[in-house]
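Trainee: I should like to learn how a model of several chains is read. May we take it one feature at a time?

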Amino acid sequence: MERTRLIAAAPVRSASEAWQILSTLLADTLEQSSLVTNGSVATELAPLKGLGTALVAGGHLESKGLVLVDNGLHLTIRVLTADAALDVEENLNPVPGGASATDGWTLYLPSAGPLDNAVKLAAKKSSHLSTNDPPASAPTEKSVRGSHGLIDLDALRGLGN
Amino acid sequence: MTSTSVSTATYTRTHTATHLADVILGSIADILGTLGIDVTRVFADWDRDQQAISAWIAEGSLASVALECHQPTGAVSPIFEFPVSYVGTGEGDRKFTADRAALARYLAKLQTVPAGTVYRIFCSYTGSHSSQPGWGPAARAALSGLRSYSFGTLASGPHASAGLRYFTK
Amino acid sequence: MDVNDLIKTECKMPDVRYANLWDSIIVDRSIKDRLLRSAALSLRLRAELPFEATALHGLAFLYGPPGTGKTTLARGLAYQLAPLTTRRSARFIEINPHGLMSSEHGQSQRRVTELLTEHVPSMVDDGIPTVVLLDEVESMVVARSQASLAANPADVHRATDAVLTAIDSNASAFPHLIFVATSNFTGAIDEAFLSRADVAIHVPAPDAAGVLAILKATLGAMSVAFPALAQLSRRPELERVANALAGMDGRRVRKTVSEAMLGRIETVIQPGDLTVEDLLSAALRVKQPELVAQAKSGGRNGTN
């Protein structure tokens, strides 16, 4: 299921603070999964330090935003500025679906006009960052749960008595 | 869930200052990216610069921010100036605007600069101003002999607005 | 807008408080079988196949007259499901639909969407099979007929849309999530909601055999405190009481026992002294208002 979360930048808070909140939301969501090591998300986002703030301040995350895609997870995060920031109702709770995240998560970065080169360079520094167009929906592969299944067939046979 | 909407009667000078500082710095990053000048130092210095610029706007002491491009030949061109004017008392209908679409069109017409061009950022003041870490007195390049073009108002808030002017040889 | 207020209950099974709910409801075995099997099948298929293949929304619907045990069965389902799961665990969540719909004007749609697409999914993010009860769901999924549009604010209809959209999204995103909706008023429920139910189970008022079983079970349960009632529960004359109560819903049948006890001060003091005659008198007493109602409406047949 595709979800969108909105974050307010200036005038509500500075671009730097907004980027920090965005990073925290990503980490809080992904690190709910046992397959994503605590602290690893911040490490993978490190190439975006400073650049992320500039993207926010330049309004480059307002329309397409960043898109996090993983097994069962498709999250668009947009950061709004100016008047639009004043009306944002933020939900900064970890996004549902994070607990089944894998270590194959990908954060898709939007085209950013004059900062495109800087974004492309940063994306090369982590296998989790991509400047490609994100898929329209999350992969529906159910291998994480499907391999165990939810129902115990032996117990189910017991119902037949 | 938290709501971040601010009551319409209580936008503070800090709100205006945060907004204008972000737009100015964001525009500087966009300009440098357009011209092909390395932006990494902007990112590294961002927090320090944002803090200083917004503090000066909040106290009403910032007159303008200038971005100078220093070419390997020694010429200083282009120069971008963000003049700040202080209007209003924060009440009424004036809210927070940023004309990003127009800026993007404007930037699209800029010519790139020779490789090896570096940048410097200056702030000018209306009078006395607080001292901010990382910022010290320096001399700006002369504007005489340069042609100037005005973009107009780049961004505004209830207490102040920022414009953009472009100077080139 | 605190969506936590809209969650009445959240509980992981096994929990001893839910152990007896399923057995406490006396209904035809097929009803319980269908409900439990549909839940198990839903979990089994939806974990393996996409929605496009299964067409399963993860929604079960229980309908029928009041007092027939629909809500209790829904509440007890997770406990029954837990031992069938690979992790031997299931969760039960109960939503308060009236709280959802009685918010300030225009907010119902947002509250529904937030509750069903954000809050509940985050509660079940651990993947443990979860049963979510939407009790008296007719307040949430109002039929969008002409008359309803005139009678209900537009916000209520938008809330119905929000429920349907949430069910559709959750169907594929959360295969371990099962909604169970109950209602006494099927005519008032939106068709699009009903068509999404993977299984619609009618829980009728008990027939005479069912009433007898309920009477016996009620007396048997009370015999823990008043042992003489166990003997009463085995009296063959109870069939006459059951016949007298035929057509009544299960809840009211059970209440007839305590109604019988208050018929004499002696049985208030010593409930174990209850007799078949006491029960017969009580049966007549509780049926009386129904006889009056029938007479006023020209002897209309049937009660529910």
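**Helix packing, interfaces and confidence**

Mentor: Let us begin with a pair of helices in this predicted model. Helix α1(B) crosses α2(B) in a right-handed sense.

Trainee: At what angle do helix α1 (residues 13–35) of chain B and α2(B) pack, and how far apart are their axes?

Mentor: In general, a packed pair of helices is characterised by two quantities, the angle between the axes and the distance separating them. Here the angle between α1(B) and α2(B) is about 140°, and the axes lie 8 Å apart. This makes α1(B) oblique to α2(B). By class, 13 nonpolar, 5 polar and 3 charged residues form the contact of α1(B) with α2(B).

Trainee: Which pair in chain C can be read in the same manner?

Mentor: Consider helix α6 (residues 108–123) of chain C with helix α8 (residues 154–173) of chain C, which pack at an angle of about 20° with their axes 7 Å apart. As angles under 35 degrees count as roughly parallel, α6(C) and α8(C) are therefore described as roughly parallel to each other. Their crossing is right-handed. On the α6(C) side the contact includes C:Val112, C:Leu116 and C:Pro121, and on the α8(C) side C:Ala159, C:Ala162 and C:Ala166 are among the residues involved. By class, the contact of α6(C) with α8(C) has 8 nonpolar, 6 polar and 2 charged residues.

Trainee: Turning to a single residue, is B:Ala55 buried or exposed, or something in between?

Mentor: A residue is buried if 20 or more other C-beta atoms lie within 10 Å of its own, and exposed if 12 or fewer do. B:Ala55 has 18 other C-beta atoms within 10 Å and is therefore partly exposed. This residue belongs to helix α2 (residues 40–59) of chain B.

Trainee: Which residues are in contact with B:Ala55, leaving aside its neighbours within four places in sequence?

Mentor: They are B:Ser130 and B:Gln132. For separation in sequence and in space, take B:Ala55 with B:Ser161: the two are 106 residues apart in sequence, and their C-alpha atoms are 15 Å apart.

Trainee: How is an interface between chains described?

Mentor: The size of an interface is often expressed as the accessible area lost when the parts come together. Here we count residues instead. The contact of chain A with chain B takes 31 residues from chain A and 33 residues from chain B. Elements giving two or more residues to the chain A side are α1 (15–30), α3 (51–57), α4 (83–86), β4 (89–90) and α5 (116–123) of chain A. The largest share, 4 residues, comes from α3(A). By class, this side of chain A has 16 nonpolar, 10 polar and 5 charged residues.

Trainee: Which elements of chain A give two or more residues to the side that touches chain C?

Mentor: They are α6 (143–146) and α7 (153–159) of chain A. This contact takes 22 residues from chain A and 21 residues from chain C. The side of chain A that touches chain C has 8 nonpolar, 11 polar and 3 charged residues.

Trainee: How are the chains themselves summarised?

Mentor: One may state the elements, the burial and the range of the contacts. Chain A has 7 helices and 6 strands, in the order β-α-α-α-β-β-α-β-β-α-β-α-α along the sequence. Its C-alpha trace spans about 70 × 35 × 30 Å along the principal axes, and 52% of its 161 residues count as buried. Chain C has 15 helices and 6 strands, and buried residues make up 43% of its 304 residues. Among contacts in chain C between residues at least 6 apart in sequence, 79% join residues at least 24 apart.

Trainee: Where is pLDDT under 50 in chain A?

Mentor: Where pLDDT is low, the predicted coordinates should not be read in detail. In chain A, pLDDT stays under 50 over residues 142–147, although the mean for the chain is 90 and 94% of its residues reach 70 or more. Chain C averages 87, with 89% of the residues scoring at least 70. Among the elements of chain C, helix α7 (residues 146–151) has the lowest mean pLDDT, 63, and helix α4 (residues 70–81) the highest, 96. Over residues 298–304 of chain C the pLDDT is below 50. For the complex, the predictor gives an ipTM of 0.89 and a pTM of 0.75.

Methods. Residues are numbered from 1 along each chain as its sequence is written. Chains are lettered from A and ligands numbered from 1 in the order in which they are written. This is a predicted model: local features need pLDDT of at least 70, side-chain atom pairs count only at pLDDT 80 or more; totals for chains, interfaces and linings use all residues. Two residues are in contact if their C-beta atoms, placed from the backbone, lie within 7 Å. Ala, Val, Leu, Ile, Met, Phe, Trp, Tyr, Cys and Pro count as nonpolar, Asp, Glu, Lys and Arg as charged, and the others, Gly among them, as polar. Axes are lines fitted to C-alpha atoms, for helices over the stretch in contact, and angles run from 0 to 180 degrees between N-to-C directions. Angles under 35 degrees count as roughly parallel, over 145 as roughly antiparallel, 65 to 115 as roughly perpendicular and the rest as oblique. A crossing is left-handed if the near helix is turned anticlockwise from the far one by less than a right angle, and right-handed if clockwise. pLDDT is the predictor's confidence in each residue, from 0 to 100.
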